[in-house]
Amino acid sequence: MKKLYPALLAILLLASFPSLAQKGLYIGVAGTGQSTWITNQENYGLKPLDYVSTFGAGVNLNLGYDLTNHIGLKIEIGYDQIGQKYSKTRSDSVFSRNVKLNYLSIPVMFKYRTGGAIAKFYFAIGPQFNMLLSANQTYQMNGTTFTDTLKTISGTKFAVGQGSIKERFASTDIFARMDLGVEITLVKHLMIDIGIKMGYGLMDINATDYRLKDNDGNYNASHPIFGGLTLGLNYRL
């Protein structure tokens, strides 16, 4: 009789698995650590600076609905840090610049899942709408604020190294967003997801008056890029 206990326990566990793979509504939270980049416009037409690896973070609330065990939709409301660091040494001068952009982000994504009742691999894709909350920089030459002055396209003078620079960027952007990862059901109603999220900004983030020609004499649009690891905790209603 005792030999039957392990077999009975295994049968009960297997029988309970389908109940864990539920369809329907879920809510959750997630955090992300990410590498970020901003293409072009590193120095407003002055001598170019070198790109330096830059990292940011993000947090979000999410609301999802699984139509079937494989297909669903997800909407997030989040806060994302996107930026770019630069550095350059010329003769006896050391230049450093650190641009920080903070966004309210709202991705709307189609989600596809496949796998077993406990662990499912997922793929999600869709647009992400970003609204600029703040834009700041630290720009120094030899440890002190860079003081050069330039003119915008309309002829207004601006201090290249000033700290608050929100007026230099567009107020909105749209990203192409894609996520890959695994969703693990811990117990009934509770699951975690671990994955990679990636995004590319489709619009030029420079404000019209600051679309100045680069050092090569041409204007090149700036696009933000991010990619990172995300960890989320979700509760299925």
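Start by selecting Tyr112 and its surroundings: leaving out residues up to four places away in sequence, Tyr112 touches His70, Ile71, Phe121, Tyr122 and Phe123. Keep in mind as you click around that this is a predicted model. Tyr112 sits in strand S5, and with a relative accessibility of 37% it counts as partly exposed. Now add Asp66 to the selection. Tyr112 and Asp66 are 46 residues apart in sequence, and their C-alpha atoms are 9.1 Å apart in space.

**Stop two: a network of charges**

Asp66 is a handy stepping stone, as it belongs to a salt-bridge network together with Lys111, Arg113, Glu183 and Arg236. Select those five residues and show their side chains. Then zoom in on Glu183 and Lys111, whose side chains meet in a salt bridge with an N to O distance of 2.9 Å. Glu183 belongs to strand S10 and Lys111 to strand S5, so this pair ties together parts that are 72 residues apart in sequence. Are these two partners buried or exposed? Glu183 is buried, at a relative accessible area of 3%, and Lys111 counts as buried too, at 5%.

**Stop three: two more charged pairs**

The structure holds ten salt bridges, and two others deserve a click. For one of them, select Glu76 and Arg177: in this salt bridge the closest N and O atoms are 3.4 Å apart. Glu76 lies in strand S4, while Arg177 lies in strand S10 (residues 172-187), so the pair joins parts separated by 101 residues in sequence. Turn on a surface and look for the two partners. Glu76 is buried, with a relative accessible area of 6%, and Arg177 is buried as well, with 3% relative accessibility.

Next, stay on S4 and pick Asp80, whose side chain forms a salt bridge with that of Lys197 (3.6 Å, N to O). Which strands does this pair tie together? Asp80 is in strand S4 and Lys197 in strand S11 (residues 190-201), so the link spans parts that are 117 residues apart in sequence. Both Asp80 and Lys197 are buried.

**Stop four: the nonpolar core**

Hide the charged side chains and switch to the largest nonpolar core, which has 23 residues. Val99, Leu101 and Phe169 are the ones with the most contacts inside this core. To see where the core comes from, colour strand S4 (71-90), strand S5 (93-115) and strand S6 (119-141), the elements that each give two or more residues to it. The largest share comes from S5, with four residues.

Now centre the view on Phe169. What does Phe169 touch, setting aside residues up to four places away in sequence? Its partners are Val99, Leu101, Leu132, Ala135, Ile205, Asn206 and Ala207.

**Last stop: Thr54**

Finish by selecting Thr54, which is found in strand S3 (residues 54-66). Thr54 counts as buried, with 4% relative accessibility. Draw a distance from its side chain to the backbone oxygen of Val52 and you should read 2.9 Å. Then expand the selection around Thr54: beyond its neighbours within four places in sequence, Thr54 is in contact with Gln34, Ser35, Thr36, Gly83, Gln84 and Lys85.

How values were computed:
Residues numbered from 1 in each chain as written. Predicted model: local features only at pLDDT ≥ 70, side-chain atom pairs only at ≥ 80, totals over all residues. Heavy atoms only, no water. Core = buried A, V, L, I, M, F, W, Y, C linked by side-chain atoms within 4.5 Å. Buried < 20%, exposed > 50% of the residue type's maximum accessible area, 1.4 Å probe, protein only. Contact = heavy atoms within 4.5 Å. Salt bridge = Lys/Arg side-chain N within 4 Å of Asp/Glu carboxyl O. Polar contact = N/O pair within 3.5 Å; in protein donor to acceptor, adjacent residues only side chain to side chain.
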